[in-house]
Amino acid sequence: LREGWSKLLGNIEPATNPIVKTAEPEETNGVAIERIVLEVEPGIVVPLVVMQAREELSDPVPVVIALADSGKQNFLAARPDAVSTWLEAGCAVCLPDLRGYGETSEGSAHGPRSIGTTLSCRDQVLGQTLLGSRLRDLRSVLLVLRSRIGIDERVSLWGDSLAALNPPERSDVVPLGVDNPNVEAERSAGLLVLLTALFEEIVNVVYARGTFASFRSL
């Protein structure tokens with residue numbers, strides 16, 4: 001399965017030497033927060049936030065990595081209870097903006113005329129896929145977290161879709177070139193956590209919401 005997906009996705013190996021460009025620590029309401037900018041390729045950065053309850057712990061803590069297509073700020077706004085639960089349980093929480101997500105996004109549109117489609121087509125012309133590049137980003141984030149003191153190798157991944165549901169009375173058949181009132185799905189975050197679990201042995205929990213049901217359905 002790994003070999004088959006590698007042929008489809010292109011280069012998915014994590015960066016050999018991801019560089020932490022900046023790291024800004026702060027503390028808010030007893031939670032230690034670190035804002036990191038990670039360079040995974042020359043000129044390609046992944047902004048991420050790492051949060052952890054400010055407690056003196058002798059043992060390394062498990063980490064939850066959570067992501068959504070629309071970015072870490074929207075994830076925090078939509079899932080504050082989940083983040084609070086993880087922190088109270090003693091987990092570290094990492095929220096990355098992979099390329100094209102959140103801070104690095106070129107726009108929220110996903111249609112055939114969007115910049116995201118243009119970038120995806122460019123990658124395919126060069127023998128790469130945007131999904132494969134994002135998988136590299138997420139695996140590079142894992143590599144950096146593994147090297148950090150106080151975080152162990154028990155990794156949980158949460159990939160979420162924050163897109164609203166379309167009303168049942170609205171048709172899903174819209175001709176190309178015509179304005180489409182439908183909300184488009186945000187399926188790549190859930191798919192990415194499934195693929196990351198396939199390639200990374202240290203992942204032991206996966207939660208994928210609003211994405212494809214299986215590798216077979218994709």
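User: Which residue of strand 7 stands opposite Val 155?

Analyst: In this model, which is predicted, Val 155 stands opposite Val 203 of strand 7.

User: How do you know that strand 6 and strand 7 are paired, and in which sense do they run?

Analyst: Two strands pair if at least two bridges are found between them, and five bridges join strand 6 (residues 151-160) to strand 7 (residues 203-208). The count of five therefore satisfies the requirement of at least two, and these strands run parallel. Strand 6 and strand 7 also belong, together with helix 6 (residues 188-199), to a β-α-β unit that is right-handed.

User: In what order do the strands lie in the sheet, and what makes a strand an edge strand here?

Analyst: The open sheet has seven strands in the order 1-2-3-5-4-6-7, and the pairing is mixed. Strand 1 (19-28) and strand 7 are the edge strands, since each pairs on one side only. Between neighbouring strands of this sheet the turn is 20° on average, with direction ignored.

User: What shows that the pairing includes both parallel and antiparallel neighbours?

Analyst: Strand 2 (residues 31-41) and strand 3 (residues 44-53) are joined by 10 bridges in the antiparallel sense, and in this pair Leu 38 has Val 46 of strand 3 as its bridge partner. Strand 3 also runs antiparallel to strand 5 (residues 92-96), with four bridges between them, and there the bridge partner of Val 50 is Cys 94. By contrast, strand 4 (61-68) and strand 5 pair in the parallel sense over three bridges, with Val 63 bridged to Ala 92 of strand 5.

User: Why is strand 5 described as largely enclosed by the rest of the structure?

Analyst: Five of the five residues of strand 5 are buried, so the strand is largely enclosed by the rest of the structure. Ala 92, Cys 94 and Pro 96 point one way and Val 93 and Leu 95 the other way, and all are buried. In a regular strand, side chains alternate between the two faces of the sheet.

User: Why does Arg 79 count as buried?

Analyst: Its relative accessibility is 19%, and buried means under 20%, so Arg 79 falls on the buried side of the cut-off. Arg 79 lies in the loop between helix 2 (72-78) and helix 3 (residues 80-88). Apart from neighbours within four places in sequence, it is in contact with Trp 158, Asp 160, Ser 161, Leu 162 and Arg 209.

User: Is Asn 29 buried or exposed, and what is notable about its phi?

Analyst: Asn 29 has a relative accessibility of 78%, and exposed means over 50%, so Asn 29 counts as exposed. Asn 29 is found in the loop between strand 1 and strand 2, and its phi is positive, about 50°, although the residue is not a glycine.

User: How do you know that Leu 157 is buried?

Analyst: Leu 157, which lies in strand 6, has a relative accessible area of 2%, and because the cut-off for buried is under 20%, it is buried. Leaving aside neighbours within four places in sequence, its contacts include Ile 65, Val 193, Ala 197 and Val 205.

User: Why does the span of helix 6 agree with the expected one, and what makes this helix largely enclosed?

Analyst: At 1.5 Å a residue, its 12 residues should span 16 Å, and its end C-alpha atoms are 16 Å apart, so the two values agree. As 10 of its 12 residues are buried, helix 6 is largely enclosed by the rest of the structure. Among the buried residues are Leu 191, Leu 192 and Phe 199, and the buried residues of helix 6 pack against helix 1 (2-9), strand 4, helix 5, strand 6 and strand 7.

User: What makes helix 5 mostly covered, and how does its reach compare with the expected value?

Analyst: Of the 17 residues of helix 5 (residues 130-146), 15 are buried, and the helix is accordingly mostly covered. From its first C-alpha to its last, helix 5 reaches 25 Å, close to the 24 Å expected at 1.5 Å a residue.

User: How confident is the predictor in the protein chain, and which elements have the lowest and highest mean pLDDT?

Analyst: The protein chain averages a pLDDT of 89, and 97% of the residues score at least 70. Among its elements, helix 4 (residues 115-125) has the lowest mean, 85, and strand 5 the highest, 96.

How values were computed:
Residues are numbered from 1 along each chain as its sequence is written. This is a predicted model: local features need pLDDT of at least 70, side-chain atom pairs count only at pLDDT 80 or more; totals for chains, interfaces and linings use all residues. Side-chain values use heavy atoms; hydrogens and water are left out. A crossover is right-handed if, with the strands pointing away from the viewer, the path from the first strand over the helix to the second runs clockwise. pLDDT is the predictor's confidence in each residue, from 0 to 100. Axes are lines fitted to C-alpha atoms, for helices over the stretch in contact, and angles run from 0 to 180 degrees between N-to-C directions. The expected span of a helix is 1.5 Å times one less than its number of residues. Buried means under 20% relative accessible area, exposed over 50%, partly exposed in between (1.4 Å probe, protein chains only). Contact means heavy atoms within 4.5 Å.
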